[in-house]
Amino acid sequence: MNEERRDFLGKALGGVAGIGGIAALYAAKRSWDPLPSVKAAGFTTIDLSAAEENVLHVDKWRGKPIFVLKKSADMEPNDRDIVIGEDRFHVSIGLCTHLGCIPAYLPGEEKFKCACHGGEFDTSGQQTFGPPPSPLVVPPFKIDGTKVVLGEAGPEYEQMKSAGITA
Ligand code: FES
């Protein structure tokens, strides 16, 4: 292969990789779009009414990523779910309980996977594979209509706490 052709191929492949990278970023952004939320003095209030099933929304509470996943009917109900009307939500601090990386959500496989050491969590945040020693942490929350207020411990959170589901 002569130099010119190799150069052309290199550029073409680079271009394809670039487009792939942008598509991946776009897909990540789409699935990481936060829900409408308000942050004030250590509290984050997230309106769950616009959440779509099996789409991970990522918000922020006290500088930490927060995962919000509306569960679909095929996902196992769990005592860690936040229940609003007929809907079940998984809400957790989005940090792997092994060494604190941010796991990715794989909607096709309906699980969280941590790229750092391969740890996996199900849609309830329970660790299912790899080194994570415990489930994703449920932050203190209070349910307010279709909203969830993070940073305030409501009765549902207290119930989880006394059942040993969250610290
Ligand atoms: S930090 Fe997630 S598996 Fe190690």
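## A four-stranded sheet and three loop residues

Lys 60 stands opposite Pro 65, a residue of strand 4. A strand here is a DSSP run of E with at least two residues, numbered from the N terminus. Before we go further, please keep in mind that this is a predicted model, in which local features need pLDDT of at least 70, side-chain atom pairs count only at pLDDT 80 or more, and totals for chains, interfaces and linings use all residues. Residues are numbered from 1 along each chain as its sequence is written.

### The sheet

Strand 3 and strand 4 (residues 64-70) pair in the antiparallel sense over 6 bridges; two strands count as paired if DSSP finds at least two bridges between them. They belong to an open sheet of 4 strands, ordered 3-4-6-5, with antiparallel pairing. At its edges lie strand 3 (56-61) and strand 5 (82-84), each pairing on one side only. From one strand to the next, the twist averages 30°, with axes fitted as lines to C-alpha atoms and angles running from 0 to 180 degrees between N-to-C directions. Strands of a sheet pair through backbone hydrogen bonds, either parallel or antiparallel.

### Confidence

The protein chain averages a pLDDT of 86, and 80% of the residues score at least 70; pLDDT is the predictor's confidence in each residue, from 0 to 100. Over residues 8-19 the pLDDT is below 50, and this stretch has 0 contacts in the model beyond near neighbours in sequence. Two residues are in contact if their C-beta atoms, placed from the backbone, lie within 7 Å.

### Three loop residues

Let us turn to the loops. Ser 124 sits between strand 9 (120-121) and strand 10 (127-129). Leaving aside neighbours within four places in sequence, Ser 124 is in contact with Glu 76, Asn 78, Arg 80, Asp 81 and His 90. Its C-alpha atom is separated by 9.0 Å from that of Ser 92, 32 residues apart along the chain.

Most residues other than glycine have a negative phi. Ala 41, however, has a positive phi near 40°, and Glu 110 has a positive phi near 50°. Ala 41 is in the loop between strand 1 (37-40) and strand 2 (43-47), while Glu 110 lies in the loop between strand 7 (104-106) and strand 8 (111-113).

The table gives the burial of these residues. A residue is buried if 20 or more other C-beta atoms lie within 10 Å of its own, exposed if 12 or fewer, and partly exposed in between, with C-beta atoms placed from the backbone.

| Residue | Other C-beta atoms within 10 Å | Class |
|---|---|---|
| Ser 124 | 22 C-beta atoms | buried |
| Glu 110 | 16 C-beta atoms | partly exposed |
| Ala 41 | 5 C-beta atoms | exposed |
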